[in-house]
Amino acid sequence: MKINPMIDRVSDTASRELLAKAGLECIDTCFSRMDTQQNQCKFGKTGICCRICHMGPCRITKKSPLGVCGANADTIVARNYLREVVGGTSAHSDHGRHLVLRLKKVAQGQDHDYQIKDERALRKAARAYGIEETGRSRNDVALDLANLFLGEYMSQEEPLETLKLAPLKQQNTWQRQSVAPLGIDRMVVESMHRTTMGVDHDYMHLIYQAFRTALADGWGGSRIALIVADILFGTPEPVRSDANLGILREDTVNILVHGHEPELSEMMAVVVQDPEIKKAAAAVGAAGVTLAGICCTANEILMRHGIPIAGSFLQQELAIITGAVETMVIDVQCCMPSLPDVARSYHTEIVSTSDIAKTGGATHMAFDHDNAMASAKKLVIRAIDNFKNRDPDKVAIPGDKRAIIGGFSVDAIKYMLGGRFRGSFRPLNDAIISGRIKGVVGIVGCNNPKTQVDAYINQLTRTLIQQDVLVLKTGCAAIASGKQGMLLPEAALENAGPGLKEVCEAVGMPPVLHMGSCVDNARILEAATEIVLEGGLGDDLSQIPAVGVAPEWMSEKAIAIGTYFVASGIDVVLGQPFSIAGSDNVRNFLNHGAREHFGASFHECEDPEQAAGLIMQLLDEARKKLGIDQKAERKLFDMKDRRELNV
Ligand code: CUV
Ligand code: SF4
């Protein structure tokens, strides 16, 4: 789909200005490369291209319905789908693994730069996993927890311990359907084995393995990643900041951190406060150092430090085109290999830092985890040194930036709802039962240059809050709302329906909640679990009026996330379909059949208004089943009402 003129591929003014600048300066971006890639392969798109062995590649057509080995479309599509789930699961889980290994070092006293920042979170997690914590030192508890988490990766015969954090009935569903995952690493290796030539050919068997593997992501790697990040870096609390490229400053050294793993960015956030760094910046004539984030790293350091978000996935190239970025630090996931090419036209240095990720043309400076502070400092000093190379003639920083509030961990939501001493989801459950809030919808995932950036996400968000739906956000979908000013309670409340507005005002909660990065989608499951445990809305996740949406997704990670949502009983609406259209059987199961076994399925919907209609219908169905579809009296009960009710 060609969107013309070029600048209409993006929505916000900052991106529009920079895309126009890219045109004038003849800089290629993903948007122009999208055109070069026109007529993308329809075999790939529908999942019927197989490259698993070298008798192929094979593609399925009417005339050639079988690959050389005899594999049909169902087998090929299901195998490809499973491999994508494996890709996504690996990404989140490896991120989690790195954090667990860090926690272990900290617990062993081998780490001088990181500490256990949130002891309460540590002890809470320990209790959840049945680790004795009373009267024990925090390092002892942390070591046990780290070892337990490593076991979650390595377990060969026992299902994941983390599954026990789900409602009991949910666990039973997974048992009954035989999708309770064993160790994360085992699931990934086994899935790769099963999809290699001549192994697993039954499409249903393959889909079930995709569900099992995805659960090892949502209730394994991702959940573990966020638990450990909270312990090491602090559980997020609501924090004010700004979003969009207007946060860059002409008079400061500008450093962007981009990617996913929070270890380095956390350290950078600390280092830029160092008086020595401020002095070094002054020495090169800069007013200081501006640190900001791109993609999910942005979400991580926003949530914990209030550091501004420079932009989302499809703004990574545009950020460099401002001409005002000294250094872009990248690690893993969603960092485009084009970055050094774009940077070549400016003074920006792209520095890759992860041992597992190098990019041609980027400077590689491996992040020394054992000397994290010194490593982060080195990067900042290098950026300061680069300030003198900035060409003022090439600088154009857009004015667009919006105030935002982020940092809504489940603990923070509980606190908002009930206060420090009686934090609970009760007020939310009551609001859902009374119909003031119709349901909860998670809008998550990436941007994709196939459609206008942020357009679907933002329109859907508005329509849903107008219809009294509480919206939870993560990833680039959260950044989209931020850039539109919708992460500010006042602005969002203006757009909210009367019921949602009433509740949000009563408890002081915005109607659109920024819950973090991609791994933080597991926080949405955690919130859904709290709703179930609080009572009154069914006893497993499939019964609560909740839906997940990935409007503009592009990553394999989104496929894993969508799959673990459905496998957890939560319906998922996709703005563009998975690559499964080549098999009616696979598509039918994912879009319909899954409902019978898991209580949820996928839905494909390319139009945001239609999606909103579908979501309201799904929420209404859930409400009807729970018997809460009758219009409740539109009044919050006070103490007098309660006494009269005799409760
Ligand atoms: Ni991990 S996966 S584009 S940064 S949300 Fe953003 Fe989020 Fe998708 Fe990547
Ligand atoms: Fe072709 Fe079968 Fe080999 Fe796939 S596994 S490439 S379908 S021969």
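A pocket is an open set of grid points, where a 1 Å grid is laid over the protein atoms alone, with protein on both sides within 12 Å along at least five of seven lines, and its lining residues have an atom within 4 Å of a point. In this predicted model, the largest pocket encloses about 1,300 Å³ of space. Its lining is made up of 46 residues, and those closest to the centre are Lys45, Asn448, Lys450, Gln576 and Ser579. Four helices, α3 (42-46), α4 (73-107), α18 (455-466) and α23 (556-567), are the elements that give two or more residues to this lining. Of these, α3 provides the largest share, with 4 residues. In terms of residue class, the lining of the largest pocket comprises 21 nonpolar, 15 polar and 10 charged residues.

Helix α4 also holds Leu101. This residue is partly exposed because its relative accessible area, 39%, falls between the 20% and 50% cut-offs. Along the chain, Leu101 and Ala146 are 45 residues apart, yet 7.3 Å separates their C-alpha atoms.

Attention can now turn to the ligand. The shell around ligand 1 consists of 13 residues, of which His260, Cys296, Cys334, Cys476 and Cys518 come nearest. Both domain 2 (245-394) and domain 3 (414-626) contribute at least three residues to this shell. Among the helices, α12 (295-305) and α19 (475-483) each supply at least two of the shell residues. Sorted by class, the surroundings of ligand 1 include 8 nonpolar residues, 4 polar residues and 1 charged residue.

With several cysteines named around the ligand, a natural point to check is the pairing of their sulfur atoms. How many disulfides does the structure contain? The count comes to 0 when a disulfide is taken as a pair of cysteine sulfur atoms within 2.5 Å. Two cysteines can also be described by their exposure. Cys50 has a relative accessible area of 9% and is therefore buried, as this value is under 20%. Cys446 is likewise buried, because its relative accessible area is 8%.

Enclosed spaces complete the survey of voids. The structure holds 6 cavities of 30 Å³ or more, and the volume of the largest is about 80 Å³. Cys50 appears again here: together with Cys53, Cys58, Cys69 and Arg79, Cys50 is among the closest to the centre of this cavity, out of 13 lining residues. The lining of the largest cavity has 10 nonpolar residues, 2 polar residues and 1 charged residue.

The second largest cavity contains about 70 Å³ of space. Val440, Leu472, Ile524, Ala528 and Ala546 are the closest to its centre among the 13 residues that line the cavity. Which elements each supply at least two residues of this lining? They are β11 (439-443), α22 (521-534) and β14 (546-550), and α22 gives the most, with 4 residues. In the lining of the second largest cavity, 12 residues are nonpolar and 1 is polar, while no charged residues are present.

Finally, helix α10 (residues 262-271) is mostly covered, with 9 of its 10 residues buried. The buried positions in α10 are Pro262, Glu263, Leu264, Ser265, Glu266, Met267, Met268, Ala269 and Val271.

Terms used
Residues numbered from 1 in each chain as written. Chains lettered and ligands numbered in written order. Predicted model: local features only at pLDDT ≥ 70, side-chain atom pairs only at ≥ 80, totals over all residues. Heavy atoms only, no water. Near = heavy atom within 4 Å. Nonpolar A, V, L, I, M, F, W, Y, C, P; charged D, E, K, R; others polar. Domains from an automatic or database assignment. Buried < 20%, exposed > 50% of the residue type's maximum accessible area, 1.4 Å probe, protein only. 1 Å grid on protein atoms, 1.4 Å probe; cavity = no way out; pocket = protein on both sides within 12 Å on 5 of 7 lines; lining within 4 Å. Points joined across faces, edges and corners; volume = space filled by probe spheres on them.
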